[in-house]
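Subject: Structure for you to look at

Dear colleague,

Here is the structure I promised to hand over, with the sequence beside it. Please open it first and keep it in view while you read my notes underneath.

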Amino acid sequence: MTLIVLDVLSGILLVAGALFLLSGAVGLLRFPDFYTRIHAVGVTDAVGAGLILLGLLLRTTGWETGIRLVIILFFMALTSPTATHILAHAARRDGVRVWRKGDPRR
Amino acid sequence: MTQLNSENPLAERRRRPWVNAVRSLLRMAPVPALFWLALSGHYDPLLLTLGAVSVVVVCWLIRRSGLAHHGLTLPFALRLPRYCLWLSGQVFITACVVVRKVWSPRMDLRPVVEPTPAADLSERSLVVYANSITLTPGTLSLAVHDDSIEVHSLKAADIDALDEGAMLSRVRRTEARR
């Protein structure tokens, strides 16, 4: 019984994660400039990947796999904002202009 | 992964370089060692030796890059999970807002760049705060200054919410007094 509940729950998490990943990808294409696109990608690696890892965590059998998934989650949470910040900082220093409402898409 | 000695570390190091190197190695080693053990799952002599060597190399790199005093302290590490839980909730809520923008036929984006105050934070809290801002979709830290963080946001309301300081006060509480 609990197994079925876990299965369904992890399925829901996986599907939700996949939807967030898809939304991030669509946002990457639709948003108008570099900075706004970074926001869209933030959805994929903050929530999309997180939900998928949580969903997988509910399906693991051994503790070793579980620990590895938790560590991946931890490193995702640590490295993705750092990398994003460095990218945005570099763009800012290079003088990439911020898109304002009414500007053409870049 | 501990704090720096309060005495002048350079003079200390010159006097007894080996003793200090070994001592700081012992202080830093447990975390990477546990990490290696948890990840490898192999316990034959050859791999254990290689693991020990890699731990020593990692500690040497940490020491060489001058990051030895940037580690976690135990009370901070204990308070961190609570903050992480709260942050995950925030990330989820803001992500839903961004996703709605992505799928709406006429995207109504009004991006703004503004500084948000972040005064009197220790270096570690500043890193946590700036990373939290970046991690929540919709806000992005562009540059970190001593007393403020420059934030790019999809709408001005997000920066106003940061200025109100709910996240900042939680970061402060996580740091707290030692």
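In this predicted model, strand E1 of chain B and strand E3 (residues 148–153) of chain B run antiparallel and are joined by 6 bridges. To see one such pairing for yourself, you could start at B:Thr116, whose bridge partner in E3(B) is B:Ile149.

These strands belong to an open sheet of 3 strands in chain B, which has the order E1-E3-E2 and antiparallel pairing. Its edge strands are E1 (112–117) and E2 (139–144) of chain B, each of which pairs on one side only. From one strand to the next, the twist averages 35 degrees.

Two helices of chain B pack on this sheet. Helix H6 (residues 123–135) of chain B touches E2 and E3 of chain B, and its direction makes about 140 degrees with that of E2(B). Helix H7 (residues 156–164) of chain B touches E1, E2 and E3 of chain B, and its direction makes about 5 degrees with that of E1(B).

Turning to where the chains meet, 30 residues of chain A are in contact with 27 residues of chain B. On the side of chain A that touches chain B, helix H1 (2–30), helix H2 (34–57) and helix H3 (63–93) of chain A each supply at least two residues, and H3(A) gives the most, with 11 residues. Sorted by character, the residues of that side of chain A divide into 15 nonpolar, 9 polar and 6 charged.

With best wishes

Conventions: Residues are numbered from 1 along each chain as its sequence is written. Chains are lettered from A and ligands numbered from 1 in the order in which they are written. This is a predicted model: local features need pLDDT of at least 70, side-chain atom pairs count only at pLDDT 80 or more; totals for chains, interfaces and linings use all residues. Two residues are in contact if their C-beta atoms, placed from the backbone, lie within 7 Å. Helices (H or I, at least four residues) and strands (E, at least two) are DSSP runs, numbered from the N terminus. Ala, Val, Leu, Ile, Met, Phe, Trp, Tyr, Cys and Pro count as nonpolar, Asp, Glu, Lys and Arg as charged, and the others, Gly among them, as polar. Two strands pair if DSSP finds at least two bridges between them. Axes are lines fitted to C-alpha atoms, for helices over the stretch in contact, and angles run from 0 to 180 degrees between N-to-C directions.
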